[in-house]
Amino acid sequence: MTILCVRFQLPPLYEAALPRLLGLLEDFTPVVEALPPDGALADLRGAERYFGRDAVELASVIRVRSLALYGVDCLIGAGPGPLLARVALRDARPGVTCAVPEDAVAEFLADKSVAALPGVGTATARTLGEYGLDTLGRVAAAPLSTLQRLVGAKAGRELHEKANGIDRGRVVPNAVSRSLAAERTFPRDELDHDRHRRALLSAAEELGARLRALEKVCRTLTLTVRYADRSSTTRSRTLKEPTAHSAALTRTAYGMYEALGLQRARVRAIALRAEGLAPAEQATHQLTFDPTDDKLRRIEEAADRARARFGPGAVKPGALAA
């Protein structure tokens, strides 16, 4: 077990602490890959030899330092590779590192749901489930040709390898990308889709207003949905053109949310992240003859002037959609 997948349990809107927490991991290894908004992968192969401790022991030290220095607890999964560490994270609990032994990978994965694999979405899991392939053990035992007929040649081959514990991934060191995020946490685990959409609308409008205030546009929008069992789903979508237009951000957020196909999911929080920021003056905008879009942009300008004069609370959430 040489790879850790760490998720810091950051309070809402406290993600500015992530770079400092990544620095904590970098005290042990330079091979750290940020997973915004609250996670990271760390390759500890060199650290195990240097410190004379295994990854699980080092994970305990990381947890204690995170609590002592920043007051932030964390969940940690450990495995032979990045994929297995991320799967292990789903079973981690505060104070307990979930580790996948190298000699027991198949046993660890066998009873896991297909959806436990990173990159397997709701639609793929549903398709496999219709043919009785609802666990990774059954997927691993299925003929490769069968999987390729169900989900495609490339996806079927990758799925077959992952279900059999073949992890070809590696930790790629990076920096936290310049981004902005808005999170909406529900007072209780929320089932109502209308309230989910209102939260998305509010978050998208906040991001749009902040981008325009900074004279920035974003190229990518990322949606993270956190559930009652502490698991989460993250989806990213590249925008048709870099923008700070709240209506465009809202439409993209709605599209990603609908694609998740959530039915009776108990949602604890919804977060949107604007990534790939660039100066607005360098962005191009496709001209449109849609009077509704032009009207929304004029309303945005008026709302931005109101915020600048009277503060962020001058415009109620959802007012631009009215």
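**Exercise 1. Determine how E1 and E3 pair, and place E3 within its sheet.**

Step 1. E1 and E3 run antiparallel and are joined by five bridges. The model is a predicted one.

Step 2. Individual partners can then be read off. Val6 stands opposite Ala40 in E3. Cys5 has Leu41 of E3 as its bridge partner.

Step 3. Turn to E2. This strand (32-35) pairs with E3 in the antiparallel sense, over four bridges. Leu35 has Gly39 in E3 as its bridge partner. The connection from E2 to E3 is a hairpin of three residues.

Step 4. Assemble the sheet. Its five strands follow the order E2-E3-E1-E4-E5, the sheet is open, and the pairing is mixed. E2 and strand E5 (98-99) each have a single partner strand and stand at the edges, so one side of each lacks a neighbour in the sheet. Helix H3 packs on this sheet and touches E1, strand E4 (74-79) and E5, its direction making about 20 degrees with that of E1.

**Exercise 2. Decide how far E3 is covered, and which way its residues point.**

Step 1. Count the buried residues: five of the five in E3 are buried, and the strand is mostly covered.

Step 2. Sort them by direction. Gly39, Leu41 and Asp43 point one way from the strand, while Ala40 and Ala42 point the other way. Both sets are buried.

Step 3. Combine this with the pairing. Ala40, the residue opposite Val6, belongs to one set, together with Ala42. Leu41, the partner of Cys5, and Gly39, the partner of Leu35, belong to the other set, with Asp43.

**Exercise 3. Which residues of helix H1 are buried, and what do they pack against?**

Step 1. Helix H1 covers residues 18-26, and its buried residues are Leu18, Leu21, Leu22, Leu24 and Leu25.

Step 2. Viewed down the axis of H1, these buried residues fall within an arc of 150 degrees, so they line one face of the helix.

Step 3. The buried residues of H1 pack against strands E1 (3-8), E2 (32-35) and E3 (39-43), and against helix H3 (55-70).

**Exercise 4. Describe the salt bridge between Arg226 and Glu183, and the network that holds this pair.**

Step 1. The closest N and O atoms of Arg226 and Glu183 are 3.4 Å apart, and the two residues form a salt bridge.

Step 2. The pair links distant parts of the chain: Arg226 lies in strand E7 (residues 216-227) and Glu183 in strand E6 (residues 179-190), 43 residues apart.

Step 3. Both Arg226 and Glu183 are buried.

Step 4. For contrast in position, take Glu206 and Arg210, whose side chains meet in a salt bridge at 3.0 Å, N to O. They are four residues apart in helix H10 (residues 193-213), so about one helical turn separates them. Glu206 counts as partly exposed, at 24% relative accessibility, and Arg210 is also partly exposed, at 29%.

Step 5. Return to the first pair. Salt bridges that share partners join Asp38, Glu183 and Arg226 into one network.

**Exercise 5. Are Arg195 and Glu190 each buried or partly exposed?**

Step 1. Arg195 and Glu190 form a salt bridge, with their closest N and O atoms 3.3 Å apart.

Step 2. Apply the cut-off: a residue is buried under 20% relative accessible area and exposed over 50%, with partly exposed in between.

Step 3. Arg195 has 34% relative accessibility and is therefore partly exposed. Glu190, with a relative accessible area of 8%, is buried.

Step 4. The total count of salt bridges is twelve.

**Exercise 6. Characterise the packing of H10 against H11.**

Step 1. The axes of H10 and helix H11 (residues 246-260) come within 8 Å and cross at roughly 145 degrees. The crossing is right-handed.

Step 2. List some of the contacting residues. On the H10 side they include His193, His196, Leu200, Leu201, Ala204, Leu207 and Leu211. On the H11 side they include Leu249, Ala253, Tyr254 and Tyr257.

**Exercise 7. Summarise the protein as a whole.**

Step 1. The protein has twelve helices and ten strands.

Step 2. Of its 322 residues, 45% are buried.

Step 3. Take the contacts between residues at least 6 apart in sequence: 66% of these join residues at least 24 apart.

Notes: Residues numbered from 1 in each chain as written. Predicted model: local features only at pLDDT ≥ 70, side-chain atom pairs only at ≥ 80, totals over all residues. Heavy atoms only, no water. Buried < 20%, exposed > 50% of the residue type's maximum accessible area, 1.4 Å probe, protein only. Helix = DSSP H or I, 4+ residues; strand = E, 2+ residues; numbered from the N terminus. Arc of directions from axis to C-beta. Contact = heavy atoms within 4.5 Å. Pairing = 2+ DSSP bridges. Salt bridge = Lys/Arg side-chain N within 4 Å of Asp/Glu carboxyl O. Axes fitted to C-alpha atoms, helices over the stretch in contact; angles between N-to-C directions. Left-handed = near helix turned anticlockwise from the far one by under 90°.
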